[in-house]
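Student: Please pick one part of this model and take me through it closely. I would like to see how that part fits into the rest of the chain.

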Amino acid sequence: FAFTVSGESMAPTIRSGDIVVCLKLTDATEIRPNAVHVLFDKTEGLVVKRLEVKDKKIRCVSDNPDYPPYEIEAASVKDIYRVRRVITSNI
């Protein structure tokens, strides 16, 4: 799967307009620490973050320090993808 990123929460690693090529994961146990992931949350929509699984919550961490970490209930997550490649938009 490939997604176009909107927003600067992962800058400077990934910027708005960049395309991320992803591998769909079967469940949250496949989340790799410190890797960038895309998750589809029922309320938040598509989210590009570094993820940490903690109990029944997923902590979402941005690379941009202007965006504080937050948690999402694991039950509200529909799909999770691991970012395999970033295609820079050079905007």
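Tutor: Start with Tyr81, which counts as buried, with a relative accessibility of 7%. Next to that residue in space is Phe3, and the two form an edge-to-face aromatic pair, 5.1 Å from centre to centre and with 65° between the planes. Phe3 belongs to strand 1 and Tyr81 to strand 7, so the pair ties together parts that are 78 residues apart in sequence. Phe3 also counts as buried, at 18% relative accessibility, because the cut-off for that word is under 20%. Keep in mind that this is a predicted model.

How many aromatic pairs are there by the rule that ring centres must lie within 6.5 Å? The count comes to two aromatic pairs. In the other one, the rings of Phe1 and Tyr81 have centres 5.1 Å apart and planes at 70°, so this pair is edge-to-face as well. The pair also links distant parts of the chain: Phe1 sits in the segment before strand 1 (2-4) and Tyr81 in strand 7 (residues 77-87), 80 residues apart. The reason for the label edge-to-face is the angle, because planes over 60 degrees apart count that way. A pair of aromatic rings is described by the distance of the centres and the angle of the planes, so a description needs two numbers.

Is Phe1 buried or exposed? Phe1 is exposed, and its relative accessible area is 56%. Phe1, Phe3 and Tyr81 together form one aromatic cluster. The cluster therefore holds an exposed ring residue, Phe1, along with buried Phe3 and buried Tyr81.

Now look at what surrounds the cluster. Phe3 and Tyr81 are part of the largest nonpolar core, which has eleven residues: these two together with Val5, Met10, Ile14, Val20, Cys22, Val36, Val38, Val48 and Val83. Strand 2 (19-24), strand 3 (36-41) and strand 7 each supply at least two residues of this core. A second, separate core has ten residues, including Ile31, Val47, Cys60 and Ile80.

The backbone pairing shows how strands 1, 2 and 7 are arranged. Strand 1 and strand 2 pair in the antiparallel sense, over three bridges. Phe3 has Val20 of strand 2 as its bridge partner, and Val20 is also a member of the largest core. Strand 2 and strand 7 run antiparallel too, and six bridges join them. One bridge here sets Lys24 against Tyr81 in strand 7. In a regular strand the side chains alternate between the two faces of the sheet.

Met10 is another core member worth following. Not counting residues up to four places away in sequence, Met10 touches Val36, Val48, Lys49, Arg50, Val61, Ser62, Asp63 and Asn64. One of these, Arg50, is found in strand 4. Apart from its neighbours within four places in sequence, Arg50 is in contact with Met10, Thr13, Asn34, Ala35, Val36, Arg59, Cys60, Val61 and Asp63. Ile72 is 22 residues from Arg50 along the chain, and their C-alpha atoms are separated by 13 Å.

Arg50 leads to a further set of paired strands. Strand 4 (residues 45-54) pairs with strand 5 (residues 57-61) in the antiparallel sense over five bridges. Lys54 has Lys57 of strand 5 as its bridge partner. These two strands form a hairpin with two residues between them, and Asp55 in the turn has a positive phi of about 55°. Strand 5 in turn runs antiparallel to strand 6 (residues 70-73), with four bridges joining them. There the bridge partner of Ile58 is Ile72 in strand 6.

Last, step back to the whole chain. The protein chain has zero helices and seven strands. Its radius of gyration is 12 Å, close to the 12 Å that the globule rule gives for 91 residues, so the chain is as compact as a globular protein of that length. The C-alpha atoms fill a box of roughly 40 × 30 × 25 Å along the principal axes. Of the 91 residues, 40% count as buried, and Tyr81, where we began, counts as buried. Among contacts between residues at least 6 apart in sequence, 50% join residues at least 24 apart. The exposed area of the chain is about 5,700 Å², with 51% of it supplied by carbon and sulfur atoms.

Definitions and conventions. Residues are numbered from 1 along each chain as its sequence is written. Side-chain values use heavy atoms; hydrogens and water are left out. Rings of Phe, Tyr and Trp (its six-membered ring) pair if their centres lie within 6.5 Å; planes under 30 degrees apart count as stacked, over 60 as edge-to-face and the rest as tilted. Buried means under 20% relative accessible area, exposed over 50%, partly exposed in between (1.4 Å probe, protein chains only). A nonpolar core is a set of buried Ala, Val, Leu, Ile, Met, Phe, Trp, Tyr and Cys residues joined through side-chain atoms within 4.5 Å. Contact means heavy atoms within 4.5 Å. The radius of gyration is taken over C-alpha atoms; the globule rule is 2.2 Å times the number of residues to the power 0.38. Accessible areas come from the Shrake-Rupley method with a 1.4 Å probe; for residues, only the protein chains shown count as cover. Two strands pair if DSSP finds at least two bridges between them.
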